[in-house]
Amino acid sequence: MSAFCYDELPEGSIRLLRVTGVDVNGCLTTTLDTWQIDTNPEFYALSYVWGSDAKTQKIDCNGKELAVTESAHVALTSLRGTLRLEEPGNPIWIDAICINQNDNDERSRQVARMDWVYREAKCVIVWLGKGDVHIDFGQQVALTGELESNGLPALGHPLWACLHTLFENEWFVRLWTSQEAALSQSLQFVCGDFMVSIEVFETVANRLLKHGLQWLVSRNALRGSLGGFFAIIDTKQNVLGGSGLLMATAGKQCKEPLDRIYGLLSSMPGEFRKKILVSYTRDINEVYVEMGKAMP
């Protein structure tokens, strides 16, 4: 099978991935189609941690071989059933696949359109991983009821280990994922085959704070996962301004220094965004100076 090559992406369009099945060798088969955004396509958008670029898996994309990150492959394989991705009308947008990462011009244009992607998605899916014996998602959600009734489990109860594993997930401390979640109209967390809404997460996090138990589930709860989670909630409710958002996400992680700015632009006030030119060919010092001048 020959290698997949990206076609030029027309202005005002995005690519959407559709899973069509699995071939006889167990390889995912997919199609990657171009859609004009003014046609208002229905799609899911994935929010996840990229992981290492060194570990890749092959998928069949439009009859060609495409290497994708291992994390994207695991997510697609699992979500294929959970989201029924093979059904018509259920394509998914995944940045690592739907954007040609080797084309800086395309990356720049698509990053500038990120707010449209995550706002217009019918649901943003937060992928937290396959899960294992230490992170039974159902147990974590069950804790909500235990807290509400004040029947708190003992310190050695396995539910605390589950919550610890959950809130120490790298997703909560990544910069891009904060913006992706904050922009969403509908947000669902998925771990393995289990799916739960952001409202349930918020309830659990609030009750942990109410009872002073946040330190049991996160080693650096306020600056780490729980702090990052509430920064997402505040951003969704338009509580944070430009400077507040920068401060709230100061501890977040990103691979590229330019993404320290670009990874927040879509959550910034409109007047601020207009003053920042998104381009991955720019000098980082120039972008930081531009950001400083744009701040009120």
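The following questions and answers concern the terms applied to this predicted model and the values behind them.

The model is predicted, so local features need pLDDT of at least 70 and side-chain atom pairs count only at pLDDT 80 or more, while totals for chains, interfaces and linings use all residues. Residues are numbered from 1 along each chain as its sequence is written, and side-chain values use heavy atoms, with hydrogens and water left out.

Q: What makes up the secondary structure of the protein chain?
A: The chain has 13 helices and 9 strands. Helices (H or I, at least four residues) and strands (E, at least two) are DSSP runs, numbered from the N terminus.

Q: Why is Phe4 called buried, and why is Tyr6 called partly exposed?
A: Buried means under 20% relative accessible area, exposed over 50%, and partly exposed in between, with a 1.4 Å probe and protein chains only. Phe4 has 15% relative accessibility and therefore counts as buried. Tyr6 has 22% and therefore counts as partly exposed. Across the protein chain of 296 residues, 51% are buried.

Q: What makes the pair of Phe4 and Tyr6 edge-to-face?
A: A pair of aromatic rings is described by the distance of the centres and the angle of the planes. Rings of Phe, Tyr and Trp (its six-membered ring) pair if their centres lie within 6.5 Å; planes under 30 degrees apart count as stacked, over 60 as edge-to-face and the rest as tilted. For Phe4 and Tyr6 the centres are 5.0 Å apart and the planes stand at 85°, so both criteria are satisfied.

Q: Why is the pair of Trp171 and Phe189 edge-to-face?
A: The ring centres of Trp171 and Phe189 are 5.5 Å apart and the planes meet at 80°, so the pair is edge-to-face. This pair links distant parts of the chain, 18 residues apart: Trp171 is in the loop between α6 (158-167) and α7, and Phe189 is in strand β8 (residues 187-191). Trp171 is buried at 1% relative accessibility, and Phe189 is buried, also with 1%. Trp171, Phe172 and Phe189 form one aromatic cluster, and the structure holds 7 aromatic pairs.

Q: How do you know that Thr69 is buried, and which residues is Thr69 in contact with?
A: The relative accessible area of Thr69 is 8%, so this residue of strand β5 is buried. Contact means heavy atoms within 4.5 Å. Leaving aside neighbours within four places in sequence, Thr69 is in contact with Tyr48, Trp50, Ser52, Asp53, Lys55 and Thr56.

Q: What makes Ile261 a buried residue, and which residues is Ile261 in contact with?
A: Ile261, in helix α11 (residues 259-262), is buried because its relative accessible area is 3%. Apart from neighbours within four places in sequence, its contacts are Ile276, Val287, Tyr288 and Met291. The C-alpha atoms of Ile261 and Met291 are separated by 7.8 Å, although the two residues are 30 residues apart along the chain.

Q: What makes the phi values of Asn40 and Asn62 worth naming?
A: Most residues other than glycine have a negative phi. Asn40 has a positive phi near 50°, and Asn62 has a positive phi of about 55°. Asn40 lies in the loop between β2 (28-36) and β3 (44-47), and its relative accessibility of 56% makes it exposed. Asn62 lies in the loop between β4 (56-61) and β5 and is partly exposed, with 38%.

Q: How is the volume of the largest pocket defined, and what lines this pocket?
A: On a 1 Å grid over the protein atoms alone, a pocket is an open set of points where a 1.4 Å probe fits, with protein on both sides within 12 Å along at least five of seven lines; lining residues have an atom within 4 Å of a point. A volume is the space filled by probe spheres set on the points. The largest pocket holds about 510 Å³. Of its 23 lining residues, the closest to its centre are Trp50, Asp95, Trp176, Lys255 and Asp259. Helix α7 gives the most to this lining, with 4 residues.
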